[in-house]
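Biologist: I'd like a close look at one single part of this model, with its surroundings. Could you walk me through it?

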Amino acid sequence: MIDLHAHSTASDGSLSPEALIEYAIGREISVLALTDHDCIDGIAPAMAFAKSKPITLIPGVELSVMWGNTPLHIIGLGIDTTNSALIRLLKAQFEARTIRAKAIAEKLHEQGVLDAYEKANAIAQNGLITRPHFAQILINEGKCKDMKQAFKKYLKRGRLAYVRMEWVSMEEGIRSLNDAGGKVILAHPLRYGLTNTKLRCLLGDFKAQGGMALEVISGLSTDSEIAHLSALCREFDLRASQGSDFHGPTMTPHVMGRLKSLPPTCRFVLDAHEGEN
Ligand code: AMP
Ligand code: MN
Ligand code: MN
Ligand code: MN
């Protein structure tokens, strides 16, 4: 099975890049893309570890971008991780995350959670800080029973400790990933709460700006979601991708090794282009 969307401890996953690869092999994954949020630090150790293993590792990244006022995720697959413009962009996203993390910590302080920035840094092992790291603090301190509740009460848009982010624009994100030789995929298109009209508007922009594929299967997608997205692929002349969005063995519903099959009408993102070998 091919899985083109997974996280490690380089962002908000719970397994190290090496442990993720071992786990994927155990779930009978033959091709895995490591796609940490705004971070490629896991790629080098993952590539080195995968070399001697029965698995093909694709270097990737899941970039946080803005489409107007809407935050979205786009994935770059097969990126050149030495591309200096991409490295600069990821550094800027990292710095923006640090500023946001300090602002979230201030809001949590008002809610009686002390030193949340330092605690998040400790959980993230001084790597990139994500909202799930703050969710973990809220769980550890008995403020919330699980991730879902932590987002619902504190971390989601409009909630007690939400801080708005200004990520790079989708257009610039797509350009940077393309310039780094990546195939650009719109991650989990149905998770942004967009109406169908808005989603179609987004797909028009995504395609025009150089996007290549939609993540038609994300985690445990339903048959009707898959049918909806594969029809949109045809309409907007986009390819199709599939990935678990795995974050760790205990993080359901994003389990690994249980993806459905893409409909035969879809053109798979990894297949060669016409005119190519
Ligand atoms: P960030 O990039 O720091 O804003 O964190 C985004 C990550 O938080 C996503 O990739 C998910 O892993 C996680 N996340 C977002 N919304 C939720 C939610 N409602 N419940 C649980 N996890 C969530
Ligand atoms: Mn995540
Ligand atoms: Mn995502
Ligand atoms: Mn993801």
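Let's take strand E8: which of its residues is the bridge partner of Ile-217?

Modeller: That's Gln-242. Before going on, this is a predicted model, so to speak of local features we need pLDDT of at least 70, and side-chain atom pairs count only at pLDDT 80 or more, while totals for chains, interfaces and linings use all residues. Residues are numbered from 1 along each chain as its sequence is written, chains are lettered from A and ligands numbered from 1 in written order, and side-chain values use heavy atoms, with hydrogens and water left out.

The Ile-217 pairing belongs to a parallel match between E7 (residues 213–218) and E8, with 5 bridges; strands count as paired if DSSP finds at least two bridges between them. Both are DSSP runs numbered from the N terminus, where a strand (E) needs at least two residues and a helix (H or I) at least four. To get from E7 to E8 the chain goes through helix H9 (residues 223–236), and this β-α-β crossover is right-handed, i.e. clockwise from first strand over helix to second with the strands pointing away from the viewer.

E8 itself covers residues 239–243, and 5 of its 5 residues are buried (under 20% relative accessible area, 1.4 Å probe, protein chains only). Both faces are covered: one side has Arg-239, Ser-241 and Gly-243, and the other has Ala-240 and our Gln-242.

Methods:
Buried < 20%, exposed > 50% of the residue type's maximum accessible area, 1.4 Å probe, protein only.
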